[in-house]
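Hi,

Here is the structure I promised to pass on. Have a look at it first, and then read my notes below.

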Amino acid sequence: MKPIVIAHRGASAYLPEHTLPCVAAAHALGADYIEQDIVLSRDGVPIVLHDIYLESTTNVAQQFPSRGRDDGRFYAIDFDLTELKTLSVHERVDADESPVFDGRFPVVDLQLRIPTLSEEIILIEGLNKSRDMSTGYYIEMKAPAFHAAAGLDIAKATIDVLEAAGLHHESAAVFFQCFDPETLRYLKHDLDTPLPLIQLMGDNSWEEPPGVDFDLMGTEQGLDEVATYADGIGPWIPQLFKVDGLTPSQLVGAAHARGLLVHAYTLRADSLESGFKDFAALHQGVFLDAGIDGVFSDFPDITRRFIDAHFNA
Ligand code: CA
């Protein structure tokens, strides 16, 4: 099978992540799927935003200076959608307000807005019609336990949007992804979703979510368990390789032996995560050496060209 290109937060190498222009660019650059990270507003609306915080990608600290919590952070869940819609989204910055990626889009105020999931679906369906394409959705539910503690069910809220858009059925081009195994089990067994589920795999040091042992998850025994509720895994690129960062680990083969897809994250030309000398070598490593089935890429055009050059339809 030809591997898939998942545009990571849209074509995020070129425009501020998760804005509608960034999504439109990903569509134009040939992504097979476009990623949506979902968090909920205070009034329970699924919005497309990577962090549960707002200050790294918006002007919230200027707009609502008194609305931070004691930890200094501005949480999306403390704002209603109408308030969130007044924020201007910019390129991602660090705590000291310097750009995370120097060579990317400048940190400027273009009056870009945080999209709702519904709005992003209208955009992608519109482009699928006008461009005669079938670009799909790759939806991550962020921090389900955090939302549950606030009385909100992020999985149910997300499914409700997809239902309303006619996209919650088994032939829809939609994946669900989550780091939390309990949420994936809930989606499968309680919400009866017909959509494929991808178990994201992080590093235990991130504690996201706390208590999940991703080292164990990557073993034969761990993957046996994942295969009972998920259709694939979403490992971090370093997990695909041994400590040299170049030789494939056993992970992809063990996943494939259980019928699990492997969609890894994240390809970034300006931040190589493994031991490869350049971006072309990293593409070769993940697709030709490790043998993954798809990848999240900040540079969907470059990844599209590599896959088209090396795999038949
Ligand atoms: Ca994500």
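**The largest pocket**

By class, 15 nonpolar, four polar and eleven charged residues make up the lining of the largest pocket. Keep in mind that this is a predicted model. The volume of that pocket comes to about 730 Å³. It has 30 lining residues, and the closest to its centre are His50, Glu140, Lys142, Phe179 and Glu208. Which elements supply the lining? S2, S4, helix H5 (144–149) and strand S8 (261–267) each give at least two residues. H5 gives the most, with three residues.

**The calcium ion**

Glu140 comes up again here. The calcium ion is coordinated by Glu35 (OE), Asp37 (OD) and Glu140 (OE), at 2.2 to 2.3 Å. Along the sequence, the spacing of these donor residues reads E-x1-D-x102-E. Glu35 sits in strand S2 (residues 33–40) and Glu140 in strand S4 (residues 136–141), so the pair ties together parts that are 105 residues apart in sequence. Are these two glutamates buried or exposed? Both Glu35 and Glu140 are buried.

**The second largest pocket**

This pocket holds about 320 Å³ of space. Of the 14 residues in its lining, Glu55, Ser56, Val93, Asp94 and Glu97 are the closest to its centre. Sorted by class, the lining has four nonpolar, five polar and five charged residues.

**Closed spaces**

How many cavities of 30 Å³ or more does the structure hold? There are two. The largest cavity has a volume of about 80 Å³. Its lining is made of His8, Arg9, Ser12, Leu15, Pro16, Glu17, Glu91, Arg92, Phe101, Arg104, Arg268 and Asp298. Seven of those residues are charged, three are nonpolar and two are polar.

The second largest cavity contains about 60 Å³ of space. Among the residues lining it are Glu17, His18, Thr19, Val48, Leu49 and His50, and the list goes on with Thr57, Val89, Ile114 and Pro115. By class, this lining divides into five nonpolar, four polar and one charged. Two names should look familiar: Glu17 also lines the largest cavity, and His50 was listed for the centre of the largest pocket.

**The core and helix H12**

The largest nonpolar core has 95 residues. Within that core, the residues with the most contacts are Leu54, Phe176, Leu187, Ile233, Leu240, Val286 and Ile292. Take Leu187 as one to click on: setting aside neighbours within four places in sequence, Leu187 is in contact with Met141, Ala155, Ile159, Phe176, Asp192, Thr193 and Leu197.

Then there is helix H12 (residues 300–310), whose buried residues are Pro300, Asp301, Thr303, Arg304, Phe306 and Ile307. What covers them? The cover includes strand S1 (4–7), S8, helix H11 (279–290) and strand S9 (294–297). S8 is also one of the elements supplying the lining of the largest pocket.

**One last stop: Glu83**

You will find Glu83 in helix H3 (residues 81–84). Not counting residues up to four places away in sequence, Glu83 touches Arg42, Phe64, Arg67 and Asp78. How far is Glu83 from Lys242 in space? From C-alpha to C-alpha the two are 47 Å apart, with their places 159 residues apart in sequence given as the separation.

If you want somewhere to start, pick Glu140, as it coordinates the calcium ion and is listed for the centre of the largest pocket.

Cheers

Notes
Residues are numbered from 1 along each chain as its sequence is written. This is a predicted model: local features need pLDDT of at least 70, side-chain atom pairs count only at pLDDT 80 or more; totals for chains, interfaces and linings use all residues. Side-chain values use heavy atoms; hydrogens and water are left out. Donors are N, O and S atoms within 2.8 Å of the metal (3.2 Å for Na, K and Ca); water is not among the atoms, so sites may look incomplete. Helices (H or I, at least four residues) and strands (E, at least two) are DSSP runs, numbered from the N terminus. Buried means under 20% relative accessible area, exposed over 50%, partly exposed in between (1.4 Å probe, protein chains only). On a 1 Å grid over the protein atoms alone, a cavity is a set of points where a 1.4 Å probe fits but cannot get out, and a pocket is an open set with protein on both sides within 12 Å along at least five of seven lines; lining residues have an atom within 4 Å of a point. Grid points are joined across faces, edges and corners, and a volume is the space filled by probe spheres set on the points. Ala, Val, Leu, Ile, Met, Phe, Trp, Tyr, Cys and Pro count as nonpolar, Asp, Glu, Lys and Arg as charged, and the others, Gly among them, as polar. A nonpolar core is a set of buried Ala, Val, Leu, Ile, Met, Phe, Trp, Tyr and Cys residues joined through side-chain atoms within 4.5 Å. Contact means heavy atoms within 4.5 Å.
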